[in-house]
Amino acid sequence: METIAEKAISGNNNPFYFMKKDKIIAVATDLKSFYAELKNIPLEIFCFHAYRSIQAEISLNNEQHQLLPRCDIALWIEYSLGDTQLAQKVFRIIMTAVGEANDLSAASKFKQLTTKKNVLSAIKERLDFFTST
């Protein structure tokens, strides 16, 4: 069985596509390439992938539209890499910045930059841990 560390650095994971509107601007397949791409993408792209609300149709008795949260970064770490601990840490960092907003882009630029820095720091710390063991 592959460990989380082996999976995270293997490069054999489902790709993460950094998108700007409908255009792919970067792709990552492991935590190292994800860190490198995340470090270099524009802040607006980070905010889009960090946290946003999306419209969803919920069908129970009648159709309802509802805003649902979406955190692409934490979801990819959880479901592609299987690293629940890092995914939860990244999600907590992002949620602290978002607060009651529906979108990280609604936060101040300082808060956005600080959030990106903190997410990068958490990923780097995890990478260092994986490569030292």
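Leu81 is buried, with a relative accessible area of 1%. In this predicted model, Leu81 belongs to helix H4, and that helix is a good place to begin a tour. Although Leu81 and Asn14 are 67 residues apart in sequence, their C-alpha atoms are 8.4 Å apart in space.

Helix H4 covers residues 72-81, and seven of its 10 residues are buried, so the rest of the structure largely encloses it. Besides Leu81, the buried residues of H4 are Asp72, Ile73, Ala74, Trp76, Ile77 and Ser80. Just after the helix comes Gly82, which takes a positive phi of about 75°.

From here we can move to the hairpin. Strand E1 (residues 16-20) and strand E2 (residues 23-28) run antiparallel and are joined by five bridges. Two residues lie between E1 and E2 in this hairpin, and in the turn Lys21 has a positive phi of about 60°. Two of the facing positions are easy to find: Phe16 has Ala28 in E2 as its bridge partner, while Tyr17 stands opposite Val27 in E2.

Lys20 also sits in strand E1. Is Lys20 buried or partly exposed? Lys20 is partly exposed, because its relative accessible area is 38% and the partly exposed range runs between 20% and 50%. Here is how the two residues with a distant sequence partner look side by side:

| Residue | Relative accessible area | Partner | Separation in sequence | C-alpha to C-alpha distance |
|---|---|---|---|---|
| Leu81 | 1% | Asn14 | 67 residues | 8.4 Å |
| Lys20 | 38% | His49 | 29 residues | 10.0 Å |

Now for the aromatic residues. The structure holds six aromatic pairs. Which residues form one aromatic cluster with Phe16? They are Phe18, Phe34 and Trp76. Trp76 has already appeared among the buried residues of H4, and Phe16 as the bridge partner of Ala28.

Two members of that cluster return in the largest nonpolar core. This core has 38 residues, and those touching the most other members are Phe18, Phe34, Leu38, Phe46, Ile73, Leu104 and Ile123. At least two core residues come from each of helix H1 (4-10), E1, E2, helix H2 (31-40), helix H3 (43-50), H4, H5 and helix H6 (109-132). H5 gives the most to the core, with seven residues. As general background, nonpolar side chains tend to be buried together in soluble globular proteins.

The last stop is the largest pocket, with a volume of about 160 Å³. Its lining is made of Pro69, Arg70, Cys71, Ala74, Leu75, Glu78, Tyr79, Ala87, Gln88 and Phe91. The elements giving two or more residues to this lining are strand E4 (63-70), H4 and helix H5 (84-98). Which element supplies the largest share of the lining? That is H4, with four residues. By type, the lining residues divide into seven nonpolar, one polar and two charged.

Helix H4 thus links several parts of this tour: H4 is largely enclosed by the rest of the structure, supplies at least two residues of the largest nonpolar core, and gives the largest share of the lining of the largest pocket.

Definitions and conventions
Residues numbered from 1 in each chain as written. Predicted model: local features only at pLDDT ≥ 70, side-chain atom pairs only at ≥ 80, totals over all residues. Heavy atoms only, no water. Pairing = 2+ DSSP bridges. Phe/Tyr/Trp six-rings, centres within 6.5 Å; stacked < 30°, edge-to-face > 60°. Buried < 20%, exposed > 50% of the residue type's maximum accessible area, 1.4 Å probe, protein only. 1 Å grid on protein atoms, 1.4 Å probe; cavity = no way out; pocket = protein on both sides within 12 Å on 5 of 7 lines; lining within 4 Å. Points joined across faces, edges and corners; volume = space filled by probe spheres on them. Nonpolar A, V, L, I, M, F, W, Y, C, P; charged D, E, K, R; others polar. Core = buried A, V, L, I, M, F, W, Y, C linked by side-chain atoms within 4.5 Å.
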